[in-house]
Amino acid sequence: MQLFSPLVRSRKLCSILVAAAGIHFGLMSLNLPGWQCPIRHGFGVPCPGCGLSRATLELLKGHVHHALEIHAFAPIVLGVGGLVVTAIVLPKPKRIRLAQSVARLEDQTGLSILLISSFLEYWLIRLYFFTTELYRVVM
């Protein structure tokens with residue numbers, strides 16, 4: 001399954017993603033409300049990504065320990081963000097080569113499935129075994 005290579009191929013999609021993330025992180029940096037999690041606010045249960053924006057901002061500020069306490073996938077978000085920004089600035093031939101390399105990596109390693117399943121597993125472990133800590137950092 002390829003998740004990241006189609007994203008890297010499309011400069012337009014990468015630009016939209018970076019713009020939306022920029023607005024969201026900008027609002028959060030100014031202590032203004034960003035986009036609210038519909039699952040958390042609708043059902044009162046944190047979703048798998050709850051806390052990920054705050055954790056990523058903490059990581060960008062250099063607060064690695066605090067970021068990882070909030071959400072362990074923040075470094076992965078930064079890595080994917082770097083990949084997306086790189087795809088925006090690369091000229092088309094190099095962006096296509098990058099997308100092909102990412103596709104090979106995804107095909108050979110099952111990276112997309114691994115990340116998605118790890119993300120969901122991490123959420124379930126936090127939800128069932130570390131409920132108090134999870135609610136403390138994301139609610």
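This passage goes through the aromatic contacts, the nonpolar cores and the salt bridge of a predicted model.

Aromatic rings come first. The structure has 2 aromatic pairs. In one, phenylalanine 73 and phenylalanine 119 sit edge-to-face, with 5.2 Å from centre to centre and 80° between the planes. Phenylalanine 73 belongs to the loop between helix H5 (64-70) and helix H6 (74-89), while phenylalanine 119 belongs to helix H8 (residues 111-129), so this pair ties together parts 46 residues apart in sequence. Phenylalanine 73 is buried at 11% relative accessibility, whereas phenylalanine 119, at 22%, is partly exposed. Phenylalanine 73 also pairs with tyrosine 122, this time in a tilted arrangement: 5.5 Å between centres and 50° between planes. Here again distant parts of the chain are linked, with the loop between H5 and H6 on one side and helix H8 on the other, 49 residues apart. Both phenylalanine 73 and tyrosine 122 are buried. Put together, Phe73, Phe119 and Tyr122 make one aromatic cluster.

As for nonpolar packing, the largest core counts 7 residues: Cys37, Cys47, Cys50, Leu127, Leu134, Val137 and Val138. Helix H9 (residues 131-138) supplies the largest share of this core, 3 residues. A separate core of 6 residues includes Val8, Cys14, Val84 and Ala87. Back in the largest core, leucine 127 touches Val45, Pro46 and Leu134, leaving aside residues up to four places away in sequence.

Turning to charges, a search of the whole structure turns up 1 salt bridge. It joins the side chains of lysine 61 and glutamate 58, at 3.8 Å from N to O. The two partners differ in burial: lysine 61 is exposed, at 54% relative accessibility, but glutamate 58 is buried, at 15%.

Definitions and conventions: Residues are numbered from 1 along each chain as its sequence is written. This is a predicted model: local features need pLDDT of at least 70, side-chain atom pairs count only at pLDDT 80 or more; totals for chains, interfaces and linings use all residues. Side-chain values use heavy atoms; hydrogens and water are left out. A salt bridge is a side-chain nitrogen of Lys or Arg within 4 Å of a carboxyl oxygen of Asp or Glu. Buried means under 20% relative accessible area, exposed over 50%, partly exposed in between (1.4 Å probe, protein chains only). A nonpolar core is a set of buried Ala, Val, Leu, Ile, Met, Phe, Trp, Tyr and Cys residues joined through side-chain atoms within 4.5 Å. Helices (H or I, at least four residues) and strands (E, at least two) are DSSP runs, numbered from the N terminus. Contact means heavy atoms within 4.5 Å. Rings of Phe, Tyr and Trp (its six-membered ring) pair if their centres lie within 6.5 Å; planes under 30 degrees apart count as stacked, over 60 as edge-to-face and the rest as tilted.
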